[in-house]
Structure formats: structure tokens, C-alpha cells
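Subject: Handing over the structure

Hello,

Here is the structure I promised to pass on to you. Have a look at it first, and then read on for my notes.

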Amino acid sequence: MLLGFIFLIGIVSFWVWYSLPKEINQAFEGIVYGVGNKSNQLNEEVTITIKGKLYRKIFNQDRFKGTIDIKGELPKNIIIDKKEVEVVFIENGGSLLIGDSPYGFFYINKDLSELTIIVYELLESVSDNATYEWDPKGGLLISGPATNRKEALNISNKLIEDLLKPLE
């Protein structure tokens with residue numbers, strides 16, 4: 001009986017510890033770059049700062065709520081600038097939302113030391129409906145920590161390997 005009680009206390013303690021929000025305050029030196037037909041169009045150094053809370057759930061999807069700030073020479077369609085974001089994680093990646101708008105897909109490893117953002121591009125905007133897309137044959141990514149395109153590409157391929165064949 002005592003052993004069962006100790007086991008129950010252990011399980012409850014783990015659940016409470018696991019579910020407490022984890023404060024995130026990370027900065028990465030990274031690269032914004034293109035793949036496919038955009039591979040030679042863009043290769044810029046940026047600083048990526050992530051601040052907020054990671055909410056981990058045992059029986060539900062993990063979530064990050066906070067800000068992502070990207071500083072550097074950026075194309076006009078990369079609009080993250082200390083805006084409040086929410087990321088709902090599915091496996092190792094999550095859909096990145098700014099307000100109600102999809103921005104891209106956000107991948108980060110378990111120890112929060114490497115990240116990749118697939119940047120959606122606006123295809124069409126009609127009244128209240130907008131269509132966004134990302135294509136590995138000509139899309140933009142942001143990855144860090146990286147000091148050059150090759151390092152950024154290695155991080156992206158490692159983090160999103162289950163979804164896409166290796167990016168070039």
C-alpha cells in the first residue's frame with residue numbers, strides 16, 4: 001500500500017513538473033536563404049530572438065506563446081518583428097501563427113538549440129481570404145544557429161527530414 005502511494009505521488013509530481021510552462025529566452029545567429037530556384041537569390045545573416053513560454057502537455061499538443069524577432073536584411077514578406085505568435089507543435093514542428101494568419105512552419109529540436117522556419121508566401125488575397133504556400137522547389141527558410149547557407153541547410157534537413165526529401 002505504501003509503495004502504491006509513493007508511486008502515485010511520483011506520477012503526480014512528474015505530471016505537475018512536466019506541465020509547468022518553461023520560460024524560453026533564446027537568441028540565434030542564423031541565415032535567411034532560398035531553396036530550389038531561389039537558392040541563389042537570398043543568403044542573408046540574421047539574428048533570431050525567441051522569448052515566451054513553452055507549454056508542454058502529456059495528452060495534448062505542446063504550444064509556444066511569445067515573440068519571435070528576426071533582425072537583419074530581410075525580404076518584405078518576412079514580417080516577424082516582435083509580434084505575438086503562437087506555435088502549436090505536431091511532432092517536432094509546429095504551425096506558426098501571427099494573430100489568425102499562417103506565417104509558416106516552425107521546427108525546433110528538443111533542447112531548443114536549433115530551429116528552422118519555413119516561410120509561407122502569399123499567393124492570393126481576396127477580401128478576407130488569403131492563400132499561402134511554400135514550395136521546396138522555390139521557397140524561403142530561416143535557420144539557426146548558422147553562419148552560412150551550408151550550415152543552415154544542414155539544420156533544416158535534420159529538423160524536417162521526415163516531411164521532405166533533402167533540400168538543396
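To start you off: where is E114 found? E114 sits in the loop that runs between β6 (101-108) and β7 (115-119). I will come back to this residue below, once the general layout is in place. Please keep in mind throughout that this is a predicted model.

**The overall layout**

The chain contains two helices and ten strands. If you follow the sequence from its beginning, the order of elements is α-β-β-β-β-β-β-β-β-β-β-α. The chain has 168 residues, and buried ones make up 37% of them.

**E114 and its partner**

Now back to E114. Is E114 buried or exposed? E114 counts as buried because its relative accessibility is 16%, and the cut-off for buried is under 20%. Its side chain meets that of K158 in a salt bridge, with 2.9 Å from N to O. This pair links distant parts of the chain: E114 belongs to the loop between β6 and β7, while K158 belongs to helix α2, and 44 residues separate them. K158, at 46% relative accessibility, counts as partly exposed. As general background, side chains of opposite charge can pair when their charged atoms come close.

**The other salt bridge**

The count of salt bridges comes to two. Besides the pair above, D69 and K71 meet through their side chains, at 3.6 Å from N to O. Here D69 is buried, with a relative accessible area of 8%, whereas K71 counts as partly exposed at 42% relative accessibility. You will find K71 in strand β3. The C-alpha atoms of K71 and E45 are 8.8 Å apart in space, and the two residues are 26 apart in sequence.

**Two patches on the surface**

E45 turns up again in a patch of negative charge on the surface, where it gathers with E29, E44 and E73. Of this group, E73 is found in the loop between β3 (63-72) and β4 (81-90). E73 has a relative accessible area of 58%, so it is exposed.

There is also a nonpolar patch on the surface. Which residues make this patch of about 660 Å²? They are F14, W15, W17, I58 and F59. W17 belongs to helix α1 (residues 2-19), and with a relative accessible area of 56% it is exposed.

**Helix α2 and the stretch before it**

The loop between β10 (140-144) and α2 holds P145. What kind of peptide bond joins G144 and P145? The bond is cis, with omega at about 0°. For context, most peptide bonds are trans.

At the start of α2, a side-chain oxygen of N148 comes to within 3.1 Å of the backbone nitrogen of K150. K150 has its place in helix α2 and is exposed, with a relative accessible area of 64%. From K150 to I31 the C-alpha separation is 9.7 Å, although their positions lie 119 residues apart along the chain.

Which residues of helix α2 (residues 149-159) are buried? The buried ones are R149, A152, L153, I155, S156, N157 and L159. A general point helps when you look at such a list: an α-helix has 3.6 residues a turn, so residues three or four places apart point the same way.

**A tryptophan in a loop**

One last residue to look up is W134. Its place is the loop between β9 (129-133) and β10. W134 is buried, with a relative accessible area of 15%. The C-alpha atoms of W134 and I118 are 7.3 Å apart, and the two residues are 16 apart along the chain.

If you want a route through the model, you could begin with the salt bridge between E114 and K158, carry on to the buried residues of α2, including L153 and I155, and finish at the nonpolar patch that includes W15 and W17.

Enjoy exploring it, and do write back with any questions.

Best wishes

Methods: Residues numbered from 1 in each chain as written. Predicted model: local features only at pLDDT ≥ 70, side-chain atom pairs only at ≥ 80, totals over all residues. Heavy atoms only, no water. Patch = residues over 30% accessible without salt bridge, like charges linked within 9 Å, V, L, I, M, F, W, Y side chains within 5 Å. Areas by Shrake-Rupley, 256 points an atom, 1.4 Å probe, with all protein chains shown as cover. Salt bridge = Lys/Arg side-chain N within 4 Å of Asp/Glu carboxyl O. Lys, Arg positive; Asp, Glu negative; His and termini not counted. Charge placed at Lys NZ, Arg CZ, Asp CG, Glu CD. Helix = DSSP H or I, 4+ residues; strand = E, 2+ residues; numbered from the N terminus. Buried < 20%, exposed > 50% of the residue type's maximum accessible area, 1.4 Å probe, protein only. Polar contact = N/O pair within 3.5 Å; in protein donor to acceptor, adjacent residues only side chain to side chain.
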